[in-house]
Structure formats: C-alpha cells, structure tokens
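This report describes selected features of the structure shown here, moving from the overall fold to one pair of helices, one loop residue and some backbone details.

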Amino acid sequence: MDKRKGSTHARSRGRVKGQSGHPGSSRRKGRPMTTGRGRNGRSGTRHAKKVNRARKRRNKILFVMIIILLIMILAAGAVFFKRYGSSNEEADKEQYYGIENSDDLALIINNEVVKKEESSAKSSSDSSTDSVIPGKVFDGQYYVAYQVLRDKINSRFYWDANERVLLYTLPDGNVSVSENSSEYTAVNETKSEDYVILKTDGDIAYIALPFIQEYTNMEYSVEQEPNRAIITSKWGEIETAEVKKDTQVRYLGGVKSPILTEVKKSDKVTVLEDEDDWMKVATADGYVGYIKTKFLKNQKKEKISRDFTEPVYSDMTEDHSINMAWHNVTNVAANNAVQQVLASTSGLTTIAPTWFSLADTEGNISSIADADYVNYAHTAGLEVWAVFRDFHGGTNSYDETYETLSYTSKRAKLEDQVVAAAVTAGVDGINLDFELISSKCGVHYVQLVRELSVKCHQNNLVFSVDNYVPQSYNSHYDLKEQGIVADYVVIMAYDEHTEGSYEAGSVASISYLQDGIEKTLKKVSADKVIAGIPFFTRLWFETAKSSEQLSEEAGTEAASYPNKVSSKALGMEEAAQSVVNAGATAQWDEKTQQNYAKWSADGGTYRIWLEDAQSLEAKLKVIQGNKLAGVAEWSLGREESSVWKLISQYVN
C-alpha cells in the first residue's frame with residue numbers, strides 16, 4: 001500500500017514537474033494538460049527535426065562555399081605564381097650554344113655567343129655559303145673555323161681552299177701552314193708546335209686557338225660541360241658590376257625565362273645592356289644573359305688591355321704632297337708621247353703610266369714598260385709609279401680576276417713578275433688599279449695587296465692602291481687594311497655617272513668627292529689619302545623612250561627611267577668647245593659646283609656638266625681642307641694647260 005502510494009506520488013510529482021518545467025510544454029486556458037505523446041508533441045518533434053535539417057543544409061552549403069572559395073584562392077594563387085613567380089627551369093645549354101655534336105666547341109667572342117647561322121661563309125670566303133660549325137675539338141685541342149676567325153677575331157689570316165694553305169702576312173713575308181701539320185714556315189724559317197695547327201672539314205679550315213693567339217692580340221680560356229672557349233680580342237673600356245647576392249642569369253629578361261647559370265655573391269660580370277629592371281650581362285665563364293638590376297652593385301667603367309706588339313708594316317710615304325697624273329699608255333709606241341704630254345705641265349711630282357696588266361689567269365703579266373720613258377721623267381724631276389691593271393690586257397672580267405687571285409701560287413707568280421718588271425724598268429713605285437673585284441674575290445684581292453706591298457717595300461718601291469669612292473657594295477676592297485699595309489690609298493672621285501648609267505648626270509659633283517673623302521678618312525689616315533679628280537666629262541644625249549621601249553624594259557631597273565641616254569667622254573677643251581658649237585651658254589650649278597649647259601638638237605636633249613678651272617678649284621679646296629696627301633688626275637693630255645698653275649696653288 002505504502003509502495004503504491006509512493007509510486008503514485010512519484011509519478012504525480014514527476015508529471016507536475018514536467019508540466020511546469022518541460023521546455024516543450026504549453027498550457028493553454030480551457031485545455032486539459034497532456035503529455036508529449038499528444039498531437040502537439042508530435043508537431044514539435046517534426047519542427048525540431050526540420051530545423052536541424054535546415055541547419056545541416058546551411059552548414060553543408062557553407063562548407064561547400066568555403067571549399068570553393070579555397071579552391072578559387074588556390075587557383076588564383078597558382079595563376080599569379082605562374083604569371084609572376086620565378087621559374088626554376090634550366091636552359092638547355094647545348095641548344096643555347098648551338099652545340100650539335102660531341103666534338104663541337106661553343107665560342108663566346110667579345111661577349112657574344114657565336115651561333116652556327118652567324119658564322120656563314122658568305123661574308124668572308126667564297127669556299128662555301130653553307131652554315132659553318134664555329135668551333136671544334138680535335139684530339140683535345142680547341143679550334144676556330146676560318147670564317148669566324150676572319151670575321152670576328154683577326155681578318156689578316158687567309159685560307160686558300162684551292163691549294164689548302166693558311167697564310168698570315170707579316171711585314172717581312174708570309175707565315176704559311178699546310179693542313180694536318182704541326183710544322184709551318186714563318187717567312188723563311190721552319191718552325192713547329194706540339195699540336196696540329198690546321199685541321200680541315202671539307203673546304204672548312206679550323207685553326208688551333210694557341211696558334212691564333214701567337215699572331216693576335218687576344219686572350220682565351222676554355223670551359224667544359226659543355227665545351228666552350230671564351231675569347232677576348234677587343235680591348236678598351238667596358239662596364240662591370242658586382243653581384244649583390246646569390247642569384248641566376250636567365251636566357252632573357254624576366255623571371256619566367258630559363259636559367260642559364262647561377263652566380264654567387266661578389267661575382268663580377270660585364271654589363272652589356274641596361275634594360276631597366278634587367279641587365280644584359282656576360283659572365284667570366286661564357287654565359288651571356290640577363291640578371292635583375294637590383295641584384296647588381298658597384299657598376300663602373302673599366303679599361304681592359306693586353307701586352308701585345310702589333311706588326312708594323314713598312315712605310316715609304318713621301319715627305320712632300322703628291323701631285324700625280326695618270327698617263328693612259330695603250331701600247332709601246334705611245335710611250336714616245338711622254339715628252340709631249342709633260343711639256344705643258346707644271347707642279348707635277350709623279351707620273352703613272354698604265355704599263356702592266358694581267359696576261360692570263362695563270363699569274364702571268366704583260367708589260368709595255370720603257371726604261372727611256374723612266375729616264376726622261378727622272379730628268380724632268382718626276383717619279384714614275386707604274387700602273388698595274390686587271391683590264392685592257394689578257395683578262396677583262398670579274399671571273400678571270402677571281403680565277404687568278406684565288407690561287408696562292410698564281411698570285412705569287414704575278415707579284416714576282418710585276419716587281420721584277422718594275423725594277424728592270426727603274427720605276428719608283430707601283431700603282432695597283434684592279435677594278436674587276438667581285439665580292440667573293442675580295443679576300444683574295446686584299447691578300448694580293450698585302451703580299452704585293454711587302455714585295456714592293458723589299459725592293460724600295462712606293463706602293464699605292466686605286467679605289468672607287470667607298471660604297472656598301474665595294475666594301476670588300478677593305479680600305480682599312482689598305483691603309484695599314486700600303487703607302488697611299490687613292491680614291492678615284494669620278495665616274496659618278498658612267499657610260500652605262502640610266503640617266504644623265506655629273507661625272508664628279510662636289511658632293512661625290514666630299515662623300516668619298518669623308519668615308520675614306522674613317523678608315524685611312526689623311527696623310528695616306530690621295531684624291532683622284534677628272535680631266536674629262538661626258539656629253540649626254542637623251543630622248544624620250546617609246547612605249548615599245550618601256551614595254552621591253554618592264555620589270556628591269558631601266559624601266560624606272562623615262563629617257564634613253566647615251567654619252568661620250570670629252571677632254572676639258574673639247575667639252576667647252578661643244579657648248580660653244582651648240583650656241584649654248586653654261587651656267588654655274590651650285591649643287592654640283594660645275595658649269596652646266598643643255599640644248600635641244602637632233603631630236604633630243606644634250607646635257608653637259610663641265611670640268612674646268614672653276615669646278616676643279618672647288619674640288620681642290622675640299623682636298624686641301626681635309627689635309628690629304630695629295631691629288632691625282634685622270635688623265636694626262638685631257639686637261640687645259642691653265643689648270644696646272646691652279647693645282648699647284650692648292651697642292652704643294
């Protein structure tokens with residue numbers, strides 16, 4: 001009984017407690033009190049579950065959004081790093097240097113990486129127009145291709161691919177090396193090295209670096225992995241800097257560019273270009289690339305040099321100004337006119353008869369030299385510089401001159417013959433006038449100039465060389481080298497317009513002379529330069545081209561000129577007389593600094609730019625103003641006698 005009461009009381013007490021304190025309970029007026037098992041209790045449970053489900057959905061969505069946001073942040077970071085972050089990619093060094101084979105040698109010359117395509121033989125040799133491997137390693141020795149050697153290190157080396165011989169001209173004669181030999185001849189002395197000096201790959205010659213250095217003001221070092229030679233042959237002022245901290249040199253400016261090499265703090269580099277945030281630099285071990293500007297310090301100018309004695313070539317320049325007249329002698333009998341052509345002259349120091357020419361392509365010469373002519377000139381107080389030409393003889397084409405000069409044995413033969421003929425005739429000098437030199441013949445022609453200069457000086461002969469006015473298309477005549485080895489460099493400042501020109505024009509305008517002198521003086525010292533002026537002009541005749549003629553010329557250079565022209569060369573007096581005969585009047589042309597006339601006759605127009613005392617004086621003022629070695633005139637016998645007194649006023 002007591003137990004039941006106690007149980008009932010407990011239940012009652014618990015129920016009352018639940019009614020008054022259960023958080024889910026609800027008492028409303030007029031409604032009986034119920035337990036959680038009723039309808040409202042079931043609704044509350046469902047509501048709670050619904051709330052929980054909503055909360056879970058919200059949490060799940062929030063979680064997904066956070067994940068997506070994190071992914072987006074990571075992706076953005078990856079994109080940012082990809083765009084702006086530093087790359088650790090290393091450059092392919094063999095590709096960078098252009099190395100294709102295990103025996104290839106990379107060359108870094110004067111802080112420039114020389115690639116295969118940059119060492120084409122076109123610029124310096126006729127042996128090939130294919131790309132050349134710049135350097136090679138043979139039996140542990142390092143070699144440089146001849147084309148690279150000439151173009152970038154020392155242009156005085158000469159390779160004869162026909163007779164397989166390498167030459168280097170010294171003031172006393174040639175150094176000569178045969179292929180696959182450690183022996184060589186230095187002038188008349190036989191010497192040897194402990195390595196093969198010259199290796200060949202087909203027509204391509206490779207010369208050992210230590211042998212090159214023996215005759216060149218250069219330093220070099222070698223590195224491995226990959227094989228490379230770092231060569232310096234240009235000396236003077238450079239810009240250097242010190243590396244602030246360990247960093248990288250990259251192929252291009254930018255953190256994404258591949259890494260060429262690592263540099264350490266305090267390493268010294270040569271600064272080549274300033275590109276604001278990046279500097280183009282060269283490292284001591286042969287890498288040329290880019291480093292961040294902020295990683296460099298102590299940027300400064302430095303002078304680099306090396307003890308080396310350059311060869312000094314003999315100099316037989318005169319102690320007076322030169323006033324030389326070419327005498328166009330076409331046969332032996334014409335030598336007899338020397339007394340007549342000199343009779344009206346005054347102030348001349350030198351006469352240059354056209355006596356020697358190439359007889360054939362085997363190195364033989366033809367000569368019409370006359371000892372009596374020389375004796376008469378000497379009696380008149382003149383020196384004789386005999387002219388040696390590659391035309392108006394047995395040869396008369398670019399190909400024939402090339403065929404002769406491209407063989408060392410043929411060149412030596414013609415040099416020996418012309419010097420012997422000059423000595424026999426008793427002349428005082430040789431005036432080289434080779435005008436049929438193609439670009440591929442250039443290296444052979446310049447070698448002729450070197451060799452002939454040495455042989456002239458060994459025989460006490462003054463050596464001068466005739467040249468066109470310098471232009472890009474005749475740069476292979478190499479005025480700079482001529483100025484080193486020859487006594488005089490003569491610039492023929494005429495033939496501005498020639499018989500083959502498509503339009504009428506001056507033979508020698510003042511600007512043509514000025515331009516020729518200006519360009520020459522950039523390469524040759526003034527005390528070695530002689531300016532050639534004309535004693536002739538051209539009388540031009542022009543007619544309008546017919547539609548048929550223009551149609552025939554379509555697609556050619558001639559088609560751009562509306563008139564057909566022809567001309568003939570006239571001496572000074574003959575030219576002046578042609579104007580008088582036509583009843584025309586010449587007027588001074590400020591542009592050309594010549595008297596100019598034109599007239600209509602014979603169904604066309606005649607034009608002439610006169611050479612006379614007035615035009616010659618304008619030229620002589622330019623020559624005097626540039627303090628040149630002298631003047632030369634083409635050609636004796638075409639002048640007015642009054643010009644000699646004028647020339648003497650400016651050349652003395």
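The protein contains 16 helices and 34 strands, and these are described here from a predicted model. Of its 652 residues, 47% are buried. When contacts between residues at least 6 apart in sequence are considered, 68% of them join residues at least 24 apart.

**Helices 8 and 9**

Helix 8, formed by residues 398-405, and helix 9, formed by residues 408-425, have axes that come within 6 Å of each other and cross at roughly 95°. Because angles of 65 to 115 degrees count as roughly perpendicular, helix 8 is described as roughly perpendicular to helix 9. Helix 8 contributes Glu 403, Thr 404 and Leu 405 to the contact, while helix 9 contributes Lys 410, Arg 411 and Leu 414. By residue class, the contact of helix 8 with helix 9 consists of two nonpolar, one polar and three charged residues.

Helix 9 itself comprises 18 residues, and the distance from its first C-alpha to its last is 26 Å, close to the 26 Å expected at 1.5 Å a residue. Its buried residues are Thr 408, Lys 410, Arg 411, Leu 414, Glu 415, Val 418, Val 419, Ala 421, Ala 422 and Ala 425. Viewed down the axis of helix 9, these buried residues lie within an arc of 170°, and they therefore line one face of the helix. Lys 410, Arg 411 and Leu 414 thus appear both in the contact with helix 8 and among the buried residues of helix 9. Just after helix 9, Gly 426 adopts a positive phi of about 80°.

**Ile 368**

Ile 368 sits in the loop between strand 23 (365-367) and helix 7 (371-379). Is Ile 368 buried or exposed? With a relative accessibility of 18%, Ile 368 counts as buried, since the cut-off for a buried residue is under 20%. Leaving aside residues up to four places away in sequence, Ile 368 touches Val 329, Thr 330, Asn 331, Val 332, Asn 335, Thr 354 and Trp 355. The C-alpha atom of Ile 368 is separated by 9.5 Å from that of Ala 334, a residue 34 places away along the chain.

**Backbone details in loops**

Most residues other than glycine have a negative phi, and most peptide bonds are trans. Against that background, two cis peptide bonds and two positive phi values are set out below.

| Site | Backbone value | Loop |
|---|---|---|
| Glu 225 to Pro 226 | cis, omega near -5° | Pro 226 between strand 12 (219-223) and strand 13 (228-232) |
| Trp 634 to Ser 635 | cis, omega near -5° | Ser 635 between strand 34 (630-634) and helix 16 (643-650) |
| Ser 266 | positive phi of about 80° | between strand 16 (259-263) and strand 17 (268-275) |
| Asp 276 | positive phi near 65° | between strand 17 and strand 18 (278-282) |

Ser 266 has its positive phi although it is not a glycine, and Asp 276 is likewise a residue other than glycine with a positive value. As for accessibility, Ser 266 is partly exposed, with a relative accessible area of 44%, whereas Asp 276, with a relative accessible area of 64%, is exposed. The loop that holds Ser 266 leads into strand 17, and the loop that holds Asp 276 lies between strand 17 and strand 18.

Conventions
Residues numbered from 1 in each chain as written. Predicted model: local features only at pLDDT ≥ 70, side-chain atom pairs only at ≥ 80, totals over all residues. Heavy atoms only, no water. Axes fitted to C-alpha atoms, helices over the stretch in contact; angles between N-to-C directions. Helix = DSSP H or I, 4+ residues; strand = E, 2+ residues; numbered from the N terminus. Parallel < 35°, antiparallel > 145°, perpendicular 65-115°, else oblique. Contact = heavy atoms within 4.5 Å. Nonpolar A, V, L, I, M, F, W, Y, C, P; charged D, E, K, R; others polar. Expected span 1.5 Å × (residues − 1). Buried < 20%, exposed > 50% of the residue type's maximum accessible area, 1.4 Å probe, protein only. Arc of directions from axis to C-beta.
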